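Trainee: I would like a close look at a single part of this fold, the kind of walk-through that starts at one turn of the chain and follows its neighbours outward. Please take me through it step by step.

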Amino acid sequence: MVWQYILLQTLIALLPIGAMLLWLTKPERLRHIPVAIVAASGVSLLLGMLSRYPLHSESIINFRLIPYIIGSLYGGIPGASLLTVLYMVSRLLQVSTTFSIALLGLFFLLIVPYLFTRIQRFQAADRAGRLRIGFCGFLATSIPFVVAAIHDANTGDSGFWYWMYIVIFGLGSAAIILFSIQTLELSIDRIKLQVELQEVSSNYRKEVKRLQEFIDISPLVAIFIDGQGRITQLNEMALKLLSPYDRSGVLHRPYWSVLNMFGSETLFDSITKVMKGAERESEVVRFRNRLFYTAVCAWRDEAKQETGAVLIAHDMTELQQLKDEVDKMERLSLVGQMAASITHEIRNPMAVIRGFIQLLNERSPNEHHSYFHIILQELDRANNIINDFLSLAQNRIVEKNTRKLNEVLEDLMPLISADANMRGQMIELRIEEDIQPLELNVKEIKQLILNLARNGMEAMTDKGILRIELKNIEDGVQLKVRDTGIGIPPEKLERLFEPFFTTKTNGTGLGLALCLSIVERHHGKIQVESKTGEGTTFIVSFNKYKAGQLTAGA
Ligand code: ADP
Ligand code: MG
């Protein structure tokens, strides 16, 4: 009978921890441990009290302390208060003697407050700390039981078995408390570990994905080769390079068979050297008509203890083209500078020739004057060409002043009108009021307008009308020179601004090239609209914000 009772009590005492083990399966339940354990302990406490087996007096053999201590420590102050009330009510219903009332007083006035002071420390402690606090709690709460046992032994009959049961109950209680705490802590740790593992593995997956994305969006070709020489991974750029093969057509194939398809021996050699132990091989390689800077690096797989290779390639085709272009420009610029200094030197002897021709002209008979006139005219033309060429070729810094374009244009009008009159053409001026001032180099702007106007006049017959317009636009001023001439066919439109491009027998082809460089020096834009047979419009837009600086012209 006693042993059955002890077994029943043990089962009841193990109820909270058993319930917790069954229930604590998901990480989100960790937060609800206090509530669950208080509930399970409450049930166990009541069951323990109901199944009493009076050994001597009513207070001795009972495991009710176990759920009370476990529930109070894990349940926190609110849980502990609830269990204390439960404990007190059920105990008050049971006590009968004044002695047991006195013991109950001792329990609730001294021992329970002590237990309460341990709760916070318990919650903050690690597993060993919790076991220690649990054991101390057990020792403190056993004091009234020990007192009651001694009291009972003195009043009644207390043989060997009496003390035996008391020792069994004491040791059993301590063991069950320690076992419960240890088991619960282990399963809490397990759940926490599970959460951590999930976090770590999801982070790891995220990192791997990010790395793959990074490798894919990288402008470099990247191909990974394992110790057996098989391609294990490659990025988007590599796929582009190896098209029309897709990922599945290349993955897990040996690198030599893939490279064979494209016949690249140099790359093959580099990879083979690295696979045989070289640290790094870099090379400039021509592959499928493009130029690549390639680096093959050794890559060690610590787990498999083998050496693979990573092939990284940078497409340098455009870069190389740019470099070639710059080289060409440099050579051209050198030639240009030489030409500029030579033409400059030609001007001096020409000036001397011109002076002497004039002298000869004055001293020769009248019938020769027309010849001298032609010589002088041609000399002036040559001089003009040299001037245009020099202003195009020289890199120089132009000085700018704040001026209004309409004033510059008005200064020029007599010259342009005289030219038009000679050709029998009309000039139309449309100047908006209040043209905004700009930073201008007046000499250059005059040359620009003159060149555009002259081109327009040269493109028209004697009934043509040349219209020059000036107006304010949003961030500057716009100049339009429109003629009703022959127009420009589309294929010539692209070459218009090239130096020496001309369709005229006497033309130099430098006029528009000069216009372009002047407009660029003023940070403006020049556009052409033209229809063959109807006419051409040159539109120059000056930006008032950009034109402020003193700049080196091209
Ligand atoms: P040039 O006037 O000495 O020929 P330009 O650089 O001023 O050199 O002009 C280059 C060429 O552009 C001209 O030969 C001509 O064919 C064409 N062109 C320029 N302006 C006009 C225009 N307003 N109408 C038709 N063609 C033009
Ligand atoms: Mg011209």
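Mentor: Let's start where β9 and β10 form a hairpin, with two residues between them. Strands here are DSSP runs of E with at least two residues, helices are runs of H or I with at least four, and both are numbered from the N terminus. Before going on, please keep in mind that this is a predicted model: local features need pLDDT of at least 70, side-chain atom pairs count only at pLDDT 80 or more, and totals for chains, interfaces and linings use all residues. Residues are numbered from 1 along each chain as its sequence is written, chains are lettered from A and ligands numbered from 1 in the order in which they are written, and side-chain values use heavy atoms, with hydrogens and water left out.

The two arms of the hairpin run antiparallel and are joined by seven bridges; two strands count as paired if DSSP finds at least two bridges between them. You can pick out I468 as a marker, since V481 is its bridge partner in β10. I468 also takes you the other way, because L429 has I468 as its bridge partner in β9. That second contact belongs to the pairing of β7 (residues 426–431) with β9 (residues 465–473), which is parallel and spans six bridges. On the far arm, β10 and β12 pair in the antiparallel sense over eight bridges, and R482 stands opposite T537 in β12.

Put together, these pairings belong to an open sheet of five strands in the order β7-β9-β10-β12-β11, with mixed pairing. β7 and β11 (525–531) are at the edges, and each has a single partner strand, so one side of each is left without a neighbour in the sheet. From one strand to the next, the twist averages 15°; axes are lines fitted to C-alpha atoms (for helices, over the stretch in contact), and angles run from 0 to 180 degrees between N-to-C directions. When you look along any of these strands, a general rule is handy: in a regular strand the side chains alternate between the two faces of the sheet.

Now follow the hairpin to the open space beside it. The largest pocket has a volume of about 1700 Å³. Here a 1 Å grid is laid over the protein atoms alone, and a pocket is an open set of points with protein on both sides within 12 Å along at least five of seven lines, whereas a cavity is a set where a 1.4 Å probe fits but cannot get out; lining residues have an atom within 4 Å of a point. Grid points are joined across faces, edges and corners, and the volume is the space filled by probe spheres set on the points.

Of the 49 residues lining the largest pocket, N451, N455, E458, T508 and G511 are the closest to its centre. The elements giving two or more residues to this lining are α12 (369–393), α14 (442–458), β10 (476–483), α16 (511–521) and β12 (535–543). Both β10 and β12 from our sheet are thus among the contributors, but α14 gives the most, with eleven residues. By class, the lining has 15 nonpolar, 20 polar and 14 charged residues; Ala, Val, Leu, Ile, Met, Phe, Trp, Tyr, Cys and Pro count as nonpolar, Asp, Glu, Lys and Arg as charged, and the others, Gly among them, as polar. Domain 3 (320–390) and domain 4 (397–552) both give residues to the lining, so the pocket lies between them; these bounds come from an automatic or database domain assignment.

For contrast, look at another sheet of this model. Five strands form an open sheet in the order β2-β1-β5-β4-β3, with antiparallel pairing. β2 (231–234) and β3 (280–287) stand at its edges, each with a single partner strand, so one side of each is left without a neighbour in the sheet. Neighbouring strands in this sheet are turned by 25° against each other on average, direction ignored. β4 (residues 290–301) and β5 (residues 306–315) pair in the antiparallel sense over ten bridges, and the bridge partner of W299 in β5 is G308.
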